[in-house]
Amino acid sequence: MSQTDPRRRIPRTDSLLAEPAFAAAVARHGEALVKGAITAAQQRARAGEIAPEEVGSVAQAALPTRATTLRPLLNATGVVVHTNIGRAPLSQAAIEAMEAAAGYVDVEFDVETGARARRGRGTLEALREAVPDAGDALVVNNGAAALVLATTALAAGREVVVSRGEMVEIGDGFRLPDLIASTGARLREVGTTNRTTVRDYADAIGPDTGCILKVHPSNFRVEGFTSEAALEELAGLGVPVVMDIGSGLLRPDPMLPEEPDATTSLRRGATVVTASGDKLLGGPQAGLVLGDAEVVERLRRHPLARALRVDKLTLAALEATLRGPRPPVTSYLHADAGVVRQRTEALARALGREVVDAAGAVGGGGAPGLELPGCAVELPDWCAVALRRGEPGVVARVERGRCLVDLRCVPTESDDELLAAIRAALATGGVGS
């Protein structure tokens with residue numbers, strides 16, 4: 001290699017790492033990733049693909065913009081609790097609580113005595129305050145875990161009595177019979193798909209009964225010639241009643257008259273209620289167990305509870321959700337229709353597009369069949385792909401050959417960002433879609 005070979009001008013790895021921009025990148029992404037980007041750029045320079053002077057800028061451009069591969073998205077689907085894009089977005093209070101809990105915290109430590117303390121006691125107290133009818137509360141890592149723990153502790157090796165009309169699939173192929181079977185309990189199915197009476201349950205109860213399980217069929221509805229046993233009736237049969245409400249509604253909501261809530265379920269006789277924390281409650285992924293203090297303590301002491309326990313970040317976010325301001329899910333669910341239409345019309349005018357009526361949905365298995373009246377900006381169907389691929393990524397709804405952009409779940413402060421994203425998507429003309 002001659003002295004004039006341009007490859008001799010390729011900057012050294014250590015000299016690049018010493019530059020402030022790369023030093024900051026190392027602090028954020030780690031040295032291995034940054035070195036990899038530099039090495040790749042150096043190899044391109046040696047191959048003559050780029051000039052030696054471009055190595056630094058090319059390496060910088062190759063570095064990720066975030067410390068995670070998860071991409072932030074704008075939810076323009078009109079579905080409030082959208083499982084595939086993370087269900088409930090956290091409130092600012094919950095985000096700040098997670099940041100505060102990121103270091104060393106007194107998650108199960110008493111700073112006064114220096115002794116071990118009850119794990120997540122502040123969060124559990126917040127849950128009991130939110131649902132005073134609950135004698136005690138427990139938090140595990142998701143709603144299915146809460147149900148599995150309850151049935152394991154109450155009925156492992158025994159029978160769980162459940163209506164045939166409530167043998168649901170909760171999503172992604174996970175079915176209630178399989179979950180219950182994994183606990184070591186045996187299912188005792190009663191009634192029929194459309195009608196199950198309290199007599200059906202009573203006839204099935206015997207010495208081998210561990211509990212009655214009542215499941216809210218949260219992602220479908222059965223209409224017509226139907227009937228089901230009331231919680232008050234089941235509570236009088238002399239065995240524990242586990243009520244899985246699913247969606248995490250803690251108190252009645254007039255907007256969701258058919259959605260069961262924890263407070264009402266406990267008042268009507270449920271021994272324990274299980275629910276999710278990242279649906280209508282609007283918090284982080286978590287499984288909630290609320291109910292009879294003695295039974296909840298029995299669940300807490302079960303060996304499985306240790307395997308299902310949540311971390312300090314979840315506890316912090318959940319407490320902030322319970323005690324803080326109204327979370328985004330609640331705001332989106334109760335969004336002012338007039339305000340949303342004004343924002344939608346302003347967006348449509350800026351784009352030269354039309355506004356059409358479009359019904360939103362609760363999502364996440366909550367309030368199946370309930371339509372949330374709303375509107376959307378109508379775009380060509382190919383825009384959906386371009387919007388998802390853009391920055392920021394925008395998830396819209398494709399319906400009857402149209403791409404519909406619904407602003408119900410888009411924060412007002414993101415309107416300009418959304419406008420820019422749509423313009424960029426339209427500019428592609430559908431190429432690559």
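Contact means heavy atoms within 4.5 Å. The model shown in these views is predicted.

**View 1. Helix H14 covers residues 312-323.** H14 has 12 residues. At 1.5 Å a residue, H14 should span 16 Å. The C-alpha atoms at its ends lie 17 Å apart, which agrees.

**View 2. Many elements meet the buried residues of H14.** Thr314, Leu315, Ala316 and Ala317 are among the buried residues of H14. Leu318, Ala320, Thr321 and Leu322 are buried too. Their cover includes two helices, H5 (92-100) and H6 (121-130). It also includes strand S3 (136-140) and strand S11 (287-291).

**View 3. The largest pocket has a volume of about 1200 Å³.** The pocket is lined by 38 residues. Closest to its centre are Leu73, Ile85, Ala88, Pro89 and Leu90. Strand S1 (73-76), H5, H14, helix H15 (328-333) and helix H16 (337-351) each give two or more residues to the lining. By class, the lining holds 21 nonpolar, seven polar and 10 charged residues.

**View 4. Cys375 is buried and unpaired.** The structure holds zero disulfides. A disulfide needs two cysteine sulfur atoms within 2.5 Å. The cysteine sulfur closest to that of Cys375 belongs to Cys409 and is 13 Å away, too far for a bond. Cys375 counts as buried because its relative accessibility is 2%.

**View 5. Cys403 is in no disulfide.** The nearest cysteine sulfur, in Cys383, is 5.7 Å away. Cys403 has a relative accessible area of 0%, so Cys403 is buried.

Technical notes: Residues numbered from 1 in each chain as written. Predicted model: local features only at pLDDT ≥ 70, side-chain atom pairs only at ≥ 80, totals over all residues. Heavy atoms only, no water. Helix = DSSP H or I, 4+ residues; strand = E, 2+ residues; numbered from the N terminus. Expected span 1.5 Å × (residues − 1). Buried < 20%, exposed > 50% of the residue type's maximum accessible area, 1.4 Å probe, protein only. 1 Å grid on protein atoms, 1.4 Å probe; cavity = no way out; pocket = protein on both sides within 12 Å on 5 of 7 lines; lining within 4 Å. Points joined across faces, edges and corners; volume = space filled by probe spheres on them. Nonpolar A, V, L, I, M, F, W, Y, C, P; charged D, E, K, R; others polar.
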